[in-house]
Amino acid sequence: MIRVFVFFAALFAAALGFAWLADLPGMVSVTWNGYIWEQPPATVALVVIAGLALFLGAVWLVLTVLRSPKIASRFFRRRRRDRGYQALSSGLLALGTGNAKLARKHGLEAGKLLPGEPAAQLLIAQAAQMSGDRDEARRRFETMLEDPRTRVLGLHGLFIEAEREGAPAAARHYAEEALRAQPGLDWAGKAVLGYQAVASDWEAAIATLEKNYTARLIDKPAYRRQRAVLLTARALELEDSDPDQAMQLAREAHGLAGDLVPAAAVTARLATRKGDVRKAAKVLEATWRLSPHPDLAEAYAHARIGDAAADRLKRVKTLAALRPNTAEGALAIARVALDAREFAEARAQLKKVLRSEPTRNAFMLMADLEEAESGDKGRMREWLARAVRAPLDKAWIADGVVSSVWSPVSPVTGRLDAFVWDTPPAPSGALALDLPDEALFDRPGLAAPQEAAAEAAKEAARPAGPFDMPVRSPKPEAGGEPVMDLTPEPAATPAATPATTLAEAPGEKPAVKPAGAAAASVNGAAVPQPGKPAAAPASAAAVAPVDVINPAASQPVDAPAPDNAGSPVRHAAAYPFPRLPDDPGPDAADDVPLPKPKFVN
């Protein structure tokens with residue numbers, strides 16, 4: 001708009017000037033060699049302007065002819081450059097589409113048309129990288145090191161090649177050179193920091209982290225977190241050799257990242273070693289509120305050296321109450337309760353965990369509880385069998401690596417602060433977990449004495465079954481050894497009376513003797529075995545009373561029942577024989593009396 005205004009203003013001024021010249025009176029007279037040329041002022045002005053234009057045109061034409069070779073050279077050079085940039089553009093497009101062969105072709109053409117162009121050299125090197133020709137790519141990048149404009153570009157390419165070939169020392173060297181050549185370079189600063197951390201050069205890594213933060217390569221939250229990780233790693237390294245320096249570093253790390261579990265754990269251990277129990281408890285409680293972890297509970301339980309197991313249990317309960325309803329807290333209480341032999345508390349905590357977040361560790365602790373409390377091998381194996389199919393416990397995970405110990409860097413990529421506390425993914429083909437029945441959680445053998453006595457009396461009063469055979473002593477043979485004849489008597493033989501059975505201790509299985517084995521005896525009388533008829537006594541007077549201890553009561557339970565001879569026999573609650581899944585149970589056929597064994601001398 002301004003240009004248009006200026007143009008019309010200049011045109012208006014020229015019109016005014018010509019109008020002023022036209023209005024001037026008089027004539028302009030030019031005399032030369034006897035000739036006189038007289039014209040009005042306006043005509044003279046137009047002639048002067050036209051002559052000046054012709055003069056300038058003639059000068060331009062002469063100069064153009066004189067400079068024509070240079071103009072022609074510049075034209076061809078410009079055309080060559082345009083062709084080179086066109087080839088460079090086509091090569092970059094081919095490189096983006098993954099066509100390394102076409103990209104190399106356009107790169108070589110661009111290199112000929114644009115000698116010394118860094119972009120053309122980069123295109124050729126990257127095309128060689130894509131095609132797998134690492135020797136040519138390395139040669140191209142090494143050539144770039146000679147030019148100050150492309151030195152950092154060549155170092156970056158050599159760094160990538162060194163990483164691909166698995167040469168961390170060379171890669172670290174190229175990254176450090178690039179960082180010195182151009183401070184504040186993003187990829188170089190992060191690479192140097194990573195390689196220093198992998199090499200456990202914590203002091204140098206902390207210094208590099210400070211430079212990266214000064215160059216604004218990372219923000220403040222990332223800087224605080226990474227510094228806390230590096231300080232924690234340094235404190236763990238100095239924990240045994242220089243505990244004072246390690247304590248300072250660990251406390252600073254805990255202040256920078258309150259949820260960093262390793263920092264809190266090492267701070268608490270060093271404070272416990274110095275006898276500062278309050279400081280250790282304060283640090284552990286602060287971190288437990290943010291991220292509960294078994295290491296925190298372990299350090300909190302042993303914050304005061306020499307405490308009894310009951311004192312540790314009270315302390316762990318206090319810690320778990322700071323973050324209630326967590327599986328880590330319940331498992332921590334269960335472990336310490338198991339050490340304190342508080343089996344009821346341990347069972348209650350493990351039951352909560354197995355109902356909400358079942359893991360292998362919880363099932364194994366339940367097996368330890370069964371072994372410590374009752375020694376029941378069967379129930380212990382049941383819990384261990386379920387632990388095999390249970391989900392994995394939480395662990396430190398980084399880039400697919402599962403570890404039980406925290407590490408500041410990833411062993412795969414070298415990334416700082418890569419490990420997180422999480423549940424590992426379930427392996428492929430894992431079996432589905434079936435939760436145990438409620439009866440399996442309860443402690444075995446805890447029935448009330450009154451209920452046990454009533455059950456024993458009920459068992460003693462029940463009618464004889466097919467497994468209840470009378471206890472009889474066989475008649476001795478002439479040689480002194482009894483001979484048993486198992487030939488059945490006629491069907492008219494009276495039915496056998498209930499036999500005395502031995503009650504077993506809680507949690508034990510009934511002993512089953514193989515066929516053909518000799519019968520056991522109590523007080524000189526044979527005791528029937530399950531599924532095997534007992535020997536008949538020589539006379540009713542030979543039968544001696546058998547005292548059997550009821551597992552549910554402290555005194556023997558006498559339940560007299562007449563046998564064939566009318567002598568009283570003491571009975572106890574019969575051990576319930578295990579029933580197979582396809583057993584339909586007793587029926588009418590079970591009441592048919594079995595044939596009485598016959599003894600002969």
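Visitor: Why is Trp187 called partly exposed?

Guide: This is a predicted model, and the value is computed from it. Trp187 has a relative accessible area of 21%. Buried means under 20%, and exposed means over 50%. Trp187 therefore falls in between and counts as partly exposed.

Visitor: What makes Phe159 buried?

Guide: Phe159 has 7% relative accessibility. The cut-off for buried is under 20%, so Phe159 qualifies.

Visitor: What makes Phe159 and Trp187 an aromatic pair, and why is the pair called tilted?

Guide: Their rings lie 5.1 Å centre to centre. The limit for a pair is 6.5 Å, so they count. The planes are 40° apart. Stacked needs under 30 degrees and edge-to-face over 60, so this pair is tilted.

Visitor: How do you know that the pair links distant parts of the chain?

Guide: Phe159 sits in helix α7 (residues 151-164). Trp187 sits in helix α9 (residues 186-198). The two are 28 residues apart.

Visitor: How many aromatic pairs does the structure hold?

Guide: Six. Among them are Phe75 and Phe76.

Visitor: Why is the pair of Phe75 and Phe76 called edge-to-face?

Guide: The angle between the planes is 70°. Edge-to-face starts over 60 degrees, so the label follows. The centres are 5.3 Å apart. Both Phe75 and Phe76 are exposed.

Visitor: What makes Glu136 and Arg140 a salt bridge?

Guide: The distance from N to O is 3.8 Å. The cut-off is within 4 Å, so the contact counts. The structure holds 31 salt bridges.

Visitor: How do you know that Glu136 and Arg140 are about one helical turn apart?

Guide: Both belong to helix α6 (residues 134-144). They are four residues apart there, which means a separation of about one helical turn.

Visitor: Are Glu136 and Arg140 buried or partly exposed?

Guide: Glu136 has a relative accessible area of 6%, under the 20% limit, so Glu136 is buried. Arg140 has 22%, which is not under 20% and not over 50%, so Arg140 is partly exposed.

Visitor: What makes Glu177 and Arg180 a salt bridge?

Guide: The closest N and O atoms are 2.6 Å apart. That is within 4 Å, so the bridge counts. The two residues are three apart in helix α8 (residues 168-181), about one helical turn. Arg180 has 56% relative accessibility, over the 50% mark, so Arg180 is exposed.

Visitor: Why does the pair of Asp240 and Arg273 tie together separate parts?

Guide: Asp240 forms a salt bridge with Arg273, at 3.9 Å between the closest N and O atoms. Asp240 lies in the loop between α11 (220-238) and α12 (243-256), and Arg273 lies in helix α13 (residues 261-274), so the pair joins parts 33 residues apart in sequence.

Visitor: Why is Asp240 called exposed, and Arg273 partly exposed?

Guide: Asp240 reaches 67%, over 50%, and is therefore exposed. Arg273 has 47%, between the limits, so Arg273 is partly exposed.

Visitor: Which residues are linked in a network of salt bridges?

Guide: Glu239, Asp240, Arg269 and Arg273.

Visitor: What makes the positive surface patch?

Guide: Arg67, Lys70, Arg74, Arg77, Arg78 and Arg81 form the patch. Arg78 lies in helix α3 (residues 68-97). Patch residues need over 30% relative accessible area; Arg78 has 47%, so Arg78 passes that test.

Visitor: Which residues make the nonpolar surface patch?

Guide: Leu52, Phe55, Leu56, Val59, Val62, Leu63 and Leu66. The patch covers about 680 Å². Val62 is placed in helix α2 (residues 41-66).

Notes: Residues numbered from 1 in each chain as written. Predicted model: local features only at pLDDT ≥ 70, side-chain atom pairs only at ≥ 80, totals over all residues. Heavy atoms only, no water. Patch = residues over 30% accessible without salt bridge, like charges linked within 9 Å, V, L, I, M, F, W, Y side chains within 5 Å. Areas by Shrake-Rupley, 256 points an atom, 1.4 Å probe, with all protein chains shown as cover. Salt bridge = Lys/Arg side-chain N within 4 Å of Asp/Glu carboxyl O. Lys, Arg positive; Asp, Glu negative; His and termini not counted. Charge placed at Lys NZ, Arg CZ, Asp CG, Glu CD. Buried < 20%, exposed > 50% of the residue type's maximum accessible area, 1.4 Å probe, protein only.
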